[in-house]
Amino acid sequence: MRPIRGNGRPEAGYFTSGGVRVPSVSEVLGLMGEREGLNHFFAEHGRYGFVLAEKKAEAGTRVHAAAEAMVWDDVESVPALLDPEDGDPEVGGWALKSFEAWSRWWATSFLQLEVLATELPMVHEGFTVGFMELPYGGTPDLVGRLGMYGLVVVDTKTGDTITPEHFCQLAAYAELWKARTGDEVETGVVVRAGQDGRLAVSVLPDPTWRRAKAGWRAARAYHAVHSELAPQAEGLCA
């Protein structure tokens with residue numbers, strides 16, 4: 001297949017072919033352990049935590065845009081994506097450090113990486129867990145064939161930590177790709193390009209990958225049950 005450069009996460013959300021809105025991978029996993037990490041972050045940084053979180057998120061967005069440009073050989077646009085003239089210089093500094101870390105991974109990987117798609121929004125309308133039909137949508141950073149590892153999904157993280165939910169996120173993207181193409185993803189790759197300039201890369205070994213896939217199925221089922229039961233629980237307190 002010809003490589004696909006997608007349009008990124010749709011602002012309006014994800015919808016089935018029949019126009020029904022479905023949850024995103026991020027929405028589903030937001031009910032899991034990520035919330036605990038955010039609570040710790042805000043407890044550590046106080047009121048400034050909200051401002052800092054927004055700045056960190058903006059830096060991450062810039063890095064993802066610059067990384068995608070680099071993948072498609074659009075090198076000239078990278079500086080402006082990382083540090084626009086009217087942007088916050090502090091955010092620009094974090095983005096630059098993170099991108100430099102990501103670039104170290106790219107420099108050692110691009111020769112053996114066949115890129116198949118980047119930032120491609122997808123919806124899995126036929127995903128099931130047990131008797132439940134649980135469609136969802138998501139947009140992986142990159143899908144490609146990586147040397148001896150075969151078909152992989154790659155996700156870049158610019159935050160301070162990597163959590164089990166991030167592994168489940170990769171598994172969710174793998175299911176999306178399989179639904180679209182019929183091809184089984186062999187494993188996931190997490191590239192942590194920290195805003196402190198540190199780089200850590202993990203190609204998930206088979207036992208971890210299998211648990212991540214099971215974790216995604218459990219998370220999607222929990223989200224569905226929670227969405228159904230939450231209004232009833234809230235009604236008891238009204």
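Is Glu58 buried, partly exposed or exposed? In this predicted model, Glu58 has a relative accessibility of 35%, and since the partly exposed class lies between 20% and 50%, this residue counts as partly exposed. The paragraphs below start with the whole chain, move on to the sheet and its helices, and then return to Glu58 and other charged residues.

The protein chain contains 7 helices and 12 strands. Its radius of gyration is 18 Å, close to the 18 Å that the globule rule gives for 238 residues, so the chain is as compact as a globular protein of that length. Along the principal axes, the C-alpha trace spans about 55 × 50 × 35 Å. Of the 238 residues, 42% are buried. Among contacts with a separation of 6 or more, 68% are made by residues 24 or more positions apart. The accessible surface of the chain comes to about 12900 Å², and carbon and sulfur atoms account for 55% of this area.

Turning to the sheet, 6 strands are arranged in the order 1-4-9-10-11-12, forming an open sheet with mixed pairing. Strand 1 (4-5) and strand 12 (199-203) are the edge strands; each has a single partner strand, so one side of each is left without a neighbour in the sheet. Within this order, strand 9 pairs with strand 4 on one side through 5 bridges, and the two run antiparallel. Strand 9 (residues 142-146) is also joined to strand 10 (residues 151-157) by 4 bridges, again with antiparallel direction.

Individual residue pairs make this register easy to follow on the structure. Ala117 has Val143 of strand 9 as its bridge partner, and Val143 in turn is partnered by Val153 in strand 10. Next along the chain, Gly144 stands opposite Val152 in strand 10. Strands 9 and 10 form a hairpin with 4 residues between them, and Gly147 in the turn has a positive phi of about 45°. Strand 9 is mostly covered, with 4 of its 5 residues buried.

Two helices can be placed against these strands. Helix 5 (residues 89-109) lies across strand 4 (113-118), strand 9, strand 10, strand 11 (187-193) and strand 12, and runs at about 140° to strand 11. Helix 6 (residues 164-181) packs on the sheet as well, touching strand 1, strand 4, strand 9, strand 10 and strand 11. The direction of helix 6 makes about 140° with that of strand 10.

Away from the sheet strands, Val28 offers a view of the interior. This residue sits in helix 1 (residues 25-29). Val28 has a relative accessible area of 0%, and because buried means under 20%, it is classed as buried. Leaving aside residues up to four places away in sequence, Val28 touches Pro23, Trp216, Ala219, Arg220 and His223. The C-alpha atoms of Val28 and Gln169 are 9.4 Å apart, although 141 residues separate the two along the chain.

The charged residues come next. Side chains of opposite charge can pair when their charged atoms come close. The structure holds 11 salt bridges. One of them links Asp88 and Lys55, with the closest N and O atoms 3.2 Å apart. This pair connects distant parts of the chain: Asp88 is in the loop between helix 4 (78-82) and helix 5, while Lys55 is in helix 3 (residues 48-71), 33 residues apart. Asp88 is partly exposed, with a relative accessible area of 28%.

Glu58, the residue of the opening question, forms a salt bridge with Arg62 at 3.1 Å, N to O. Both residues lie in helix 3, 4 residues apart, which is about one turn of the helix. The two partners fall into separate burial classes: Glu58 is partly exposed at 35% relative accessibility, whereas Arg62 is buried at 7%.

A further salt bridge brings together the side chains of Asp196 and Arg198, at 2.8 Å, N to O. In this pair, Asp196 is partly exposed at 37% relative accessibility, and Arg198 is exposed, with a relative accessible area of 54%. Elsewhere, salt bridges that share partners join Lys55, Asp88 and Glu90 into one network.

Conventions. Residues numbered from 1 in each chain as written. Predicted model: local features only at pLDDT ≥ 70, side-chain atom pairs only at ≥ 80, totals over all residues. Heavy atoms only, no water. Pairing = 2+ DSSP bridges. Contact = heavy atoms within 4.5 Å. Axes fitted to C-alpha atoms, helices over the stretch in contact; angles between N-to-C directions. Rg over C-alpha atoms; globule rule 2.2 N^0.38 Å. Buried < 20%, exposed > 50% of the residue type's maximum accessible area, 1.4 Å probe, protein only. Areas by Shrake-Rupley, 256 points an atom, 1.4 Å probe, with all protein chains shown as cover. Salt bridge = Lys/Arg side-chain N within 4 Å of Asp/Glu carboxyl O.
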